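Work through the exercises below with the sequence and the structure side by side, and try each task before reading its solution.

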Amino acid sequence: MFKSFFALFLLAGLLPASTLIAEGPETQPLTEGWQLQSSAQVTASGETIAAPGFAADGWHAVTVPTTVLAALVKNGVYPDPFYGLNLKKTPGYREAPFLVMPEGSPFKVSWWFRTEFTAPEAWKGKFVQLHCDGINYRANVWLNGKKVADSETVVGMFRRFQFPIQDALNYGGKNALALEIIPPGQLPDVEYETKQLEATTGWDDHNPYPPDLNMGLWEDVYLKATGPVRVEHPYAESELSLPELKPAKLTLSGFVTNASQEAVTCSVSAVCEQIMVTQDVTLAPGEKKEVIFRPEDHPALSIANPRVWWPNPLGPQELYSFRLAAVVQSAESDAAETTFGIRDATTYINQEDWRGYRVNGENILIRGGAWMTADMLLRLDEHRYDALVRYARDANLNMLRSEGFSVRETDEMYSICDRYGVMVTQQIFGRNLPDEALAIACIEDMMLRIRNHPSLVHFLGHDETFPTETLDAAYRGLLEKYRLHRTYQPHSGAFNVDERQKTGGTRTGTRELWTYAMPSHYYLRQKDGAWGFAQSGGIGGIVAVRDSLRQMMPEDQLWPPLGTEAWSFHTVTQGATYFREFQTAMAEGYGAPGDLDDFCNKAYAMNYNSARGMFEAYGRNKYKALGITTWKYDASWPAAMTWQYVDWYLRATAAYYGAKKACEKVHIQYAYDDDSVYVVNALREAQKDLKATAVILDDALEEKHRNEALVSVGPDGVTKTFALEIPADLSKTYFLKLTLSNAEEKVISDNFYWLSTTKDVPGKSRYTKERIFYTEPESRADFTALNSLPPVKLESKTEVATENEEQVVRVTVSNPTDKLAFLIQLSLIAGEGGQEIAPSFWEDNYFSLLPGESRTTTTRVYTRDLNGATPTVRIQGWNCTAAGS
């Protein structure tokens, strides 16, 4: 798994070749040639199944890693569960959320994974370990007819297991490995007042649950042969002097274990680029010891001019490589490698008891989202990871909060965040687990695994709840024991902001923001607005891209939106009624939709407007506002409407482009609370001699007000440019065009707002009898005049170039008419009539053009995603199409 991912780092010079599992001469991946079968279909014992030559007739051919359901879908046993209502028809399906495997489910019983392999003759005399990096949930492990480990000890999805097998191998000949996987959910079928009981994936109310509850081998399985001393968990700590950012003092460490029955003396070396330090270590039989190289003992570990890692967009993402090796009797026994970044990251509590973030001595306004497991069937390939994190980087979303109900994220996800400069807050669990010892074992393994990543900056205990005293103490103890140098808070955040001191300086976000938030909400409300730090919050339901809607459900289920069974199923577990307030806001503010395109246009306008307004409010209010990781960022399965900025098909939504507009490095924006124009600088450098221009137009595009001013803004600063004079004779719907130019008259930021003389003003918070929360508007903006915009034919010019493994498409769109071209949506499709290529990384999208205006924007796509087709630009929008269409 992820071979190509590591290859990317090799090409970049970030990792030595021996990091690759497939390339190391002493490592053998067990990826291909697996067979899968239900224990209900197998009468043979484990001893027999794990014998070389066992006749696995009728078994399914699979590759590992995989869950059972993912493998069966790939084998064609079940149709694509992500399409339409297929998941409901999959045996074992149960309405979510569920913690107990239902009776009669084919996944209630255990399933066998088996494979055969040849152990190299050259390994004879070495110490060989079987590595299973992800088992869900329990396993009995058999090799060559002998039980290696049983399900009493092999338990927990978030643990890596190693089994010594050198005495059981047939060197130079065939070996058979069989794992009996016992699923989670083997619990009494009663009502539980919790959302999580076991150390496994949970999906809360985000999406349906997979019927197999993700049972299987979800991470790598491989063999590793070493000498008598094993090397594990290399770790690099850095102490960076502030504010000069030099020098940096490194502490390098790792664990060595004597696998033999005799005392061993070894030479342990730590190599970091041009630095090499060594020390001799003596180990008793079976002894495990941490070896630490400190700068006070090794002056070479003090770096005078370090390359410093910064989060995007504040600086480069510099990474170092580090190799730890043990030599016994002049021969390398084992080695382990990692990458790390030199940086200083911390959090603080301000005078109002809110938590803020600081990196390399600089305050950081957090604008990001909650990260969900990237695929409900755990098909976690590096292409998906790369696209999702790259989208965040491109939008200057600087943090992803890894959700406690999700998987404890993989090294691959973290490494991509390191590379793109996107910080991560890791939530430890969703809820308290009854088996606290198992919970602690999982988290200990996670901390050892991810502690090198510079993108990891903070830990949350549990989601919306406190860990028990025992677990809280254990989490704190592990952070100290393994010197993670990250801050921790026990609770994700209070619903009642007055309790923020107790939970750790953050709020969860009020529940009405999960249904719908108008664009002015975060300006006009304090307790659930742009104030302090929100671990959640958001703008409510976000509608997927049109092509995604058509990919996830049949045509006859597309209309009416939120009104068919498939639409409802592809929202959240509460169903489509959860987003009733969004529908009300659309009908009252924009008018009831007449068809699917009309619905999409109005939904996209609402999503863009609300996302832009939310993130702009945090920018304007920094550092009274310290940050938000909005609920949420991505989706684990195809959702027609959920909390998603990038949908499961890897298409960016209108909300994403609203967020991207708001989070520009240097940005001009309108504030809903005081009708003023601000310039917000996200960079560490001052911006001087800029010209801000604001133009107000009525619905006939007649200019009603213009204002210009020279403006400068300090590092990471905010400057109020001027207050707008709103004319008294405006039409009910009107427009505001903002531009910000530098001294060379180049536009560095622009913004286009549709506004109303009847303002969006949030009122009281309410909830329905089903306990669906919403905000009752005090008044609602009237944008119904947008329905009367005349059609516009746009002209365009396209240029295509190849850069490495990407196609770069540059598009110039022009409005030759005297009408407004509103909410233009560009997509790159694979040939005429094709679907939108995903991912597509547009510089700008969902923009509007006034008469005579043009816009040049660029998108990048991976050449492999074209499948040989010629990329074609498709233009659509609220009232516009391409000329000739």
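Which strand gives the largest share of the lining of the largest cavity? Keep this question in mind during the first exercise, and note from the start that the model is predicted.

**Exercise 1. Describe the largest cavity by its volume, its lining and the classes of its residues.**

Step one is to place this cavity among the others: the structure holds seven cavities of 30 Å³ or more, and the largest cavity encloses about 210 Å³ of space. Step two is to find its centre, to which Pro313, Leu314, Leu365, Asn398 and Ala682 are the closest of the 19 lining residues. Step three answers the opening question, since strand β24, residues 362-364, supplies the largest share of the lining with three residues. Step four sorts the lining by class, which gives ten nonpolar, four polar and five charged residues.

**Exercise 2. Repeat the description for the second largest cavity.**

The volume comes first, and for the second largest cavity it is about 140 Å³. Of the 16 residues that line this cavity, Val545, Leu826, Ser827, Glu836 and Tyr846 are the closest to its centre. Strand β45, which covers residues 821-830, gives the most to this lining, with three residues. Sorted by class, the lining of the second largest cavity has eight nonpolar, five polar and three charged residues.

**Exercise 3. Turn to the second largest pocket, and establish which elements and residues line it.**

Begin again with the volume, which for the second largest pocket is about 960 Å³. The lining is made up of 30 residues, and Lys660, Glu664, Ile748, Glu843 and Asp844 lie nearest the centre of the pocket. Next, list the elements that each supply at least two lining residues: α15, β36, β39, β40, β46 and β48. β48 gives the most to the lining of this pocket, with six residues. Finally, the classes can be counted as seven nonpolar, nine polar and 14 charged residues.

**Exercise 4. Determine how helices α14 and α15 are arranged, and which residues bring them into contact.**

Two packed helices are described by the angle between their axes and the distance between the axes. For α14, residues 596-621, and α15, residues 654-662, the axes come within 7 Å and cross at roughly 30°. Angles under 35 degrees count as roughly parallel, and α14 and α15 are therefore roughly parallel to each other. The crossing in which α14 passes α15 is right-handed. To see the contact itself, look on α14 for residues including Tyr604, Tyr608 and Phe615, and on α15 for residues including Ala655, Tyr657 and Lys661. The residues of this contact divide into nine nonpolar, two polar and three charged.

**Exercise 5. Locate the backbone features at Pro65, Pro247, His485 and Asp689.**

Most residues other than glycine have a negative phi, and most peptide bonds are trans. With that background, examine the peptide bond from Val64 to Pro65, which is cis with omega near 15°; Pro65 is found in the loop between β3 and β4. A cis peptide bond also joins Lys246 and Pro247, where omega is about -5°, and Pro247 sits in the loop between β14 and β15. Turning to phi, His485 has a positive value near 55° and is a residue other than glycine; the place of His485 is in the loop between α8 and β29. Asp689, not a glycine, has a positive phi of about 55°, and Asp689 lies in strand β36.

Terms used: Residues numbered from 1 in each chain as written. Predicted model: local features only at pLDDT ≥ 70, side-chain atom pairs only at ≥ 80, totals over all residues. Heavy atoms only, no water. Axes fitted to C-alpha atoms, helices over the stretch in contact; angles between N-to-C directions. Helix = DSSP H or I, 4+ residues; strand = E, 2+ residues; numbered from the N terminus. Parallel < 35°, antiparallel > 145°, perpendicular 65-115°, else oblique. Left-handed = near helix turned anticlockwise from the far one by under 90°. Contact = heavy atoms within 4.5 Å. Nonpolar A, V, L, I, M, F, W, Y, C, P; charged D, E, K, R; others polar. 1 Å grid on protein atoms, 1.4 Å probe; cavity = no way out; pocket = protein on both sides within 12 Å on 5 of 7 lines; lining within 4 Å. Points joined across faces, edges and corners; volume = space filled by probe spheres on them.
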